[in-house]
Amino acid sequence: MTKTVATSDIDLWSDDNLSNPYPSYAILRDQAAVVKLTHSNVWALTRYAAIRDALGDWATFSSENAVGFNEGVNQALAGTTLATDPPLHTTLRATLSENLTPRALRGMKDAIDLKADTIVRQLVARGTFDGIEDLARELPLQIVVDLIGVNDDNVRRNNLEWGSAAFNVLGPMNARTEANFPLAGQLYQWASQLSIDQLAPGSIGHSIFAAAQRGEIPPESCGHIIHQYVAAGLDTTIATIGNALHLFGQHQDQYRLLCQNPALVPSALNEVLRYCALMIATGRHTTRDVDIDGTVIPKGSQVALLFGAGNHDPRHFENPEQFLIERNPLDHLSFGYGVHSCAGQGLARLEIYAALEALIKHVTSFKIGPAVRKINNSSLALDKLPIFDVVPV
């Protein structure tokens, strides 16, 4: 006998919830592994095991016409790596990932480390700065636009706004989504009209167009892949660097531990990613009726995977509300799992490692002021983080 479906009128995309979704995550997770959200007519997966299983079953939890929570964005994303399933997804992802292999990333490491070290040294000399504007945004912006091969200064300046808008329009059709569609459209138009001669030779962007010329991918996919680098490659890395600064400012004992043992940097990053999810939710649709813990989600339903709820599930992580950099939660959900796991996570890790390593190399301790949350329909990030009383090494 099927049990009663758990329901909730929580609006995942209200301003209050986007400022701090974790109380809502806890309420929903305590209700059931699957909760029908009546406000938005989606089925939320709230517990670690259910989310991970769904991520691993792309045939049942499809990304086609489903990663966003409104019809307009899903139509715009059709045919992209984000919104396709195998076999097309496999082909597109191979091109996207060609320049993000471990070997390729090793060739980028020295340049990324140098950029991070230069930025941090300059900030330490100032003694007071904004952790988001001056570090979390500056480092990824320098890296991503150079990797794509963008030479246009106006495009370089627009990338931050475009990246943020691309995440906003993934939400339901609320006022925030409507306001950001024009900006997201600018990014889509720019990426779709790019040509190989507009990108620096030797850049990732140039190599993507070269792959199309060789017949390895459809020509129309080039813009889609460039779009994903900007849309997905900036905001998530910016968010993680900002979240790391915030967490270490709140937990000075953990920062001292990291300074004492720099080998903990990879473990610390995994704990930052577990503790602070990168997205409020990501979407899928069911291709068949699927039973999760006795609740049947009907075929054709919109599903919301709540990574942050799963990352704080006490059924999987011991003492999940504690920030402990020695935990090393390699199985956190923030980069996804399965065929749709974050293709750029290797590059993101390289950038964040560089930021953390530069920080502990040059900064003994620091204090933070009140953080200002960036309200976005999808990405969970900070907008401002005052940093002061910086004590140099």
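**View 1. Asp293 is an exposed loop residue with a positive phi.** At 52% relative accessibility, Asp293 counts as exposed (that takes over 50% relative accessible area; under 20% is buried, and anything in between is partly exposed, using a 1.4 Å probe and protein chains only). This is a predicted model, where local features need pLDDT of at least 70 and side-chain atom pairs count only at pLDDT 80 or more, while totals for chains, interfaces and linings use all residues. Residues are numbered from 1 along each chain as its sequence is written, and side-chain values use heavy atoms, with hydrogens and water left out. Asp293 lies in the loop between strand E7 (290-292) and strand E8 (295-297). Helices (H or I, at least four residues) and strands (E, at least two) are DSSP runs, numbered from the N terminus. The phi of Asp293 is positive, about 50 degrees, although Asp293 is not a glycine. Most residues other than glycine have a negative phi, and most peptide bonds are trans.

**View 2. Asp389 also has a positive phi, but sits within a strand.** Phi of Asp389 is near 50 degrees. Asp389 is found in strand E13 (residues 386-392). At 43% relative accessibility, Asp389 counts as partly exposed.

**View 3. A cis peptide bond links Pro86 to Pro87.** Look for an omega near 10 degrees at this bond. Pro87 belongs to the loop between H4 and H5.

**View 4. Six strands line up in an open, mixed sheet.** The order across the sheet is E1-E2-E3-E9-E6-E4; two strands pair if DSSP finds at least two bridges between them. Strand E1 (7-8) and strand E4 (61-62) stand at the edges with a single partner strand each, so one side of each has no neighbour in the sheet. At the E4 edge, two bridges join E4 to strand E6 (residues 282-286), and the two run antiparallel. Here Ser62 stands opposite His285 in E6. At the E1 edge, two bridges join E1 to E2, this time running parallel. Ser8 has Leu37 of E2 as its bridge partner.

**View 5. E2 and E3 make a hairpin.** Four bridges join E2 to strand E3 (residues 42-45), and these strands run antiparallel. Val35, for one, has Ala44 in E3 as its bridge partner. There are four residues between the strands, and in this hairpin Asn41 takes a positive phi near 55 degrees. Now check the side chains of E2 (residues 34-37): Val34 and Lys36 point one way, Val35 and Leu37 the other way, and all are buried.

**View 6. Helix H14 keeps its buried residues on the same side.** In H14 (residues 252-260), the buried ones are Gln254, Tyr255 and Leu258. They span an arc of only 100 degrees around the axis, which puts them on the same side of H14 (the arc is that of the directions from the helix axis to the C-beta atoms). An α-helix has 3.6 residues a turn, so residues three or four places apart point the same way. The cover over the buried residues of H14 includes helix H13 (235-250), helix H15 (265-275), helix H17 (345-362) and strand E10 (363-368).

**View 7. The structure holds zero disulfides.** A disulfide here would be a pair of cysteine sulfur atoms within 2.5 Å. For Cys259, the nearest cysteine sulfur is that of Cys276, 19 Å away. For Cys276, the nearest is that of Cys342, 17 Å away. Cys259 is partly exposed, with a relative accessible area of 27%, whereas Cys276 counts as buried at 16%.

**View 8. Ser164 of helix H9 is buried.** Its relative accessibility is 14%. Leaving aside neighbours within four places in sequence, Ser164 is in contact with Asp235, Lys374 and Asn376 (contact means heavy atoms within 4.5 Å).

**View 9. The largest pocket is lined by 46 residues.** About 890 Å³ of space lies in it. On a 1 Å grid over the protein atoms alone, a pocket is an open set of points where a 1.4 Å probe fits, with protein on both sides within 12 Å along at least five of seven lines; lining residues have an atom within 4 Å of a point. Grid points are joined across faces, edges and corners, and the volume is the space filled by probe spheres set on the points. Leu82, Phe167, Gln228, Ala232 and Met279 lie nearest the centre of the largest pocket. Elements giving two or more residues to its lining include helix H9 (153-168), helix H10 (175-192) and helix H12 (221-233). H12 gives the most, with six residues.
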